[in-house]
Amino acid sequence: MVKVRDIVALLDAEVLSGESKLDEEVKSVGASDMISDILALTKPGMVVLTGYTYPQVIRSALVTDLLGLIVVRGKNIAPETVAYARENNFLLLRTRGYLYSSCGKIFAMGLRGGDAGKE
Amino acid sequence: MPEKNKLARYAAIFEDITAGDIMSTRIVEISADKKIAHAKELMKIKKISGIPVVDEQRRLVGIISIEDIIHALEFNTINDPIRRIMSTRVVSLRRGDSLAAVVDKFENFKFGRFPVVDEDNRVCGIISKEDILHGILEKFNLIYIHDQKRTCTLNTEYSAITGEKLNAEEADFHYRIDSSDIDAAGTGAAMLKQFLSGKNFHNDIVRRVGVATYEAETNVVIHSKGQGDIFFYQDEDRFIVRVVDNGVGIEDLDKAMKEGYSTAPDHVRERGFGAGMGIANMKRFADKLVIISEKNTGTQVEMIFYLPTQTWPLI
């Protein structure tokens, strides 16, 4: 079982919001910069890696019960985005790693995507 | 609502369907100069009982049926050209004929199918009874109404899906969409989801309502350039979500339905919108979806979510 905490360590990520979720289990992982894709593909216990930092992304993640978001490439995140995440105790992480590399590391750790079993 | 009114409302909805909408465009036709034997083979291969006959310019000049073939076999004229035995009194439909006119044809003439012709009398499609059924089913899934038909469906208090009365004042949840602020898009859906989360419904249906409403709401913000509202109604066995606006409407709903198609401008795409998945996601997450839109008048999205028939306490 992989916990949020393990991914934080693996990607050397900052926890910007949702500290109370560090011991929750991550069951599935996705990556997208398109809101509609995130909405469509979310599964229970899923975290999504993204380069997308508008407050909108938190709202869509909350609507679809995403476990958390990982912003890649150490991007600047608008204070409103972080504030909105904190207000809702939503798990928001940030890593300096690039999208591809970060995905690769998580995959190597054994976690699969929403299409697991279909590929 | 009395049964009769309901039927009249449905009839008005289907008035919109034309022969061109429901016809099959995989046309089988045959030249009048070919041998009857040719028509016989074609009917055998395509498993059909009649073929429209055309001249050199592909204009409809007749029809040949299985009875004509039997007749030709009986009299040993199977190698004659088709034009000698074909029936020249063809009953055809025009592309723009209404569904009612199409149904009338089927009632008045006992043929299994009718060719559809364009302005030059060229065959552009064929309609069988199955095509009518398909056309109607498709409209049930997605209704696209313009012009005068709008008045009886758009901006009324009646559900376009169930025909029941939905009073804006009686909505269990209402949110006025601020379409001037793109960064606020989705706020209504998030609030609706929060509203439902506190009520002990199954997570799955709450999530489905959230996502589908989010897509409908962001569409209003991104595309409508008008005022919009989200109304939510809770029934014993279902939720109804209506998202209405008075904006520019959807120009081509068939295209808008396609995954990956988007008319979103660049500044909107930068924000992660415009994947062209909006309507596709609504369809995926709602149990029933109807979109009614008219250019420069507005769009009405209505979605139904059925509650699980029985909920057991989680142990």
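Start by selecting Phe114(B): across from it, in strand β6(B), stands Ile127(B). Strands here are DSSP runs of E with at least two residues, helices are runs of H or I with at least four, and both are numbered from the N terminus.

A quick note before moving on: this is a predicted model, where local features need pLDDT of at least 70 and side-chain atom pairs count only at pLDDT 80 or more, while totals for chains, interfaces and linings use all residues. Residues are numbered from 1 along each chain as its sequence is written, with chains lettered from A and ligands numbered from 1 in the order in which they are written.

Now pick residues 113-117 of chain B, strand β5, which runs antiparallel to β6(B) and is joined to it by five bridges. Widen the selection to the open three-stranded sheet, ordered β4-β5-β6 in chain B with mixed pairing (two strands pair if DSSP finds at least two bridges between them). Its edges are β4 (93-94) and β6 (123-128) of chain B, each pairing on one side only.

Next, show both chains. 18 residues of chain A touch 21 of chain B, contact meaning C-beta atoms, placed from the backbone, within 7 Å. On the chain A side, α2 (35-41) and α3 (55-63) each give two or more residues, and α3(A) has the largest share, seven residues.

Last stop: Ala83(A), in helix α4 (79-87) of chain A. Is Ala83(A) buried or exposed? Neither: it's partly exposed, because 13 other C-beta atoms lie within 10 Å (20 or more would be buried, 12 or fewer exposed, with C-beta atoms placed from the backbone). Add Ser17(A), 66 residues away in sequence but 8.5 Å from Ala83(A), C-alpha to C-alpha.

Technical notes:
Contact = placed C-beta atoms within 7 Å.
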